[in-house]
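Welcome to a short tour of a protein model. Take a moment to look it over, then read on for a guide to its helices, its surface and its charged pairs.

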Amino acid sequence: MTLTAHLAELRRRVGWSLLYVLLGTAVAFWWYEEGLGDFIRAPYCGLPDHLRYSDADGGCGLLITDVFGGALIRLKISFIVGVVISAPFWLFQLWRFLTPGLKRNEKLYGVSFVAASSALFALGAALAYLSLAAGLRLLLGLAGDGVVVALTAQDYIGFVISLLVAFGMSFELPLIAVVLNLVGVLSYEALSQSRRWIFFLTLVFAAFVTPTQDPFTMLVMALPMAVLFEMAIQIARSVDKRRARRAAIESFHDVADDEASPLDAAPSRLDVPQPDLVERTRGSS
């Protein structure tokens, strides 16, 4: 395929991907009033009354401080949710553009990597959502008595998105360690010897990455990451064992010290010297 044909194919795939994202955004924009907004506000509205804003009827709500604030928040949430729910469709378009240049095993690795990374990101985001209410209760409770808590919609949505993304991206790190082991860059021995440093740096990383940087949220992120890193180390152990076993079969590592090597030791026939080469050699000497 020529370069122009590649560019035309890329333009077609990007166009379809943008269309799917637009449709997903439209669905999420409609879904916002049908339960999505309540789902996002649920951790905040589940707080005790003195830790959130309540109207005269006891209803929960977030503050909007400018005219366009409500519309922009709804569009922002709709776009992010639209990208997520349309991911299978635009990822398929990306896959159709990339796969013609891949081999069969590379396609298999690609599918496995995308499936594992998506599952880990979803696991991290779900864990962040479940710990959101406890984190808010801890942080807002530190304000003490005599303080009225009334979060704006921009601040709350920004906090929720940053927490979900931080958890989701952090859970990808053990998968990167597995990928580096599969390509031969990182061995099980190196991972095993660095286990204590990995767990210590995981705690430090969680302390810096979590938006709130409180001990509760930090531990909620760090402990599952430590478990995932241990799973990555054990996967690397299995991969290195299988790699060493395959190398032993392909070479002579399984031959005993008192056993003759199966290598063919018969002398091979030397090439007959070329006459012109012999003449040039005599002339130079």
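A helix here is a DSSP run of H or I that is at least four residues long, and helices are numbered from the N terminus. The model you are looking at is predicted. With that in mind, the protein chain has eleven helices and zero strands.

**Overall build**

- Reading along the sequence, you meet one helix after another, in the pattern α-α-α-α-α-α-α-α-α-α-α.
- Take the contacts between residues at least 6 apart in sequence: 77% of them join residues at least 24 apart.

**Inside and outside**

- The protein chain has 285 residues, and 28% of them count as buried.
- About 18,900 Å² of the protein chain is exposed, and carbon and sulfur atoms supply 67% of that area.

**Salt bridges: the idea and the count**

- Side chains of opposite charge can pair when their charged atoms come close.
- To count as a salt bridge, a side-chain nitrogen of Lys or Arg must lie within 4 Å of a carboxyl oxygen of Asp or Glu.
- How many salt bridges are there by this rule? The count comes to six.

**A pair that links two parts of the chain**

- R74 and E33 form a salt bridge, with their closest N and O atoms 3.6 Å apart.
- R74 sits in helix α3 (residues 69-85), while E33 sits in the loop between α1 (3-31) and α2 (36-45), so this pair ties together parts that are 41 residues apart in sequence.
- Is R74 buried or exposed? R74 is buried, at 19% relative accessible area.
- Its partner E33 counts as exposed, at 53% relative accessibility.

**Pairs within a helix**

- In helix α2, D38 and R41 are three residues apart, which puts about one helical turn between them.
- The side chains of D38 and R41 meet in a salt bridge of 2.8 Å, N to O.
- R41 is partly exposed, with a relative accessible area of 22%.
- Helix α10 (residues 215-250) holds R243 and D240, also three residues apart and separated by about one helical turn.
- R243 and D240 form a salt bridge whose closest N and O atoms are 3.4 Å apart.
- Within this pair, D240 is buried, with a relative accessible area of 19%, whereas R243 is partly exposed at 29%.

**A small network**

- Which residues are joined into one network by salt bridges that share partners? They are E9, R12 and R13.

Note on methods:
Residues are numbered from 1 along each chain as its sequence is written. This is a predicted model: local features need pLDDT of at least 70, side-chain atom pairs count only at pLDDT 80 or more; totals for chains, interfaces and linings use all residues. Side-chain values use heavy atoms; hydrogens and water are left out. Helices (H or I, at least four residues) and strands (E, at least two) are DSSP runs, numbered from the N terminus. Buried means under 20% relative accessible area, exposed over 50%, partly exposed in between (1.4 Å probe, protein chains only). Contact means heavy atoms within 4.5 Å. Accessible areas come from the Shrake-Rupley method with a 1.4 Å probe; for residues, only the protein chains shown count as cover.
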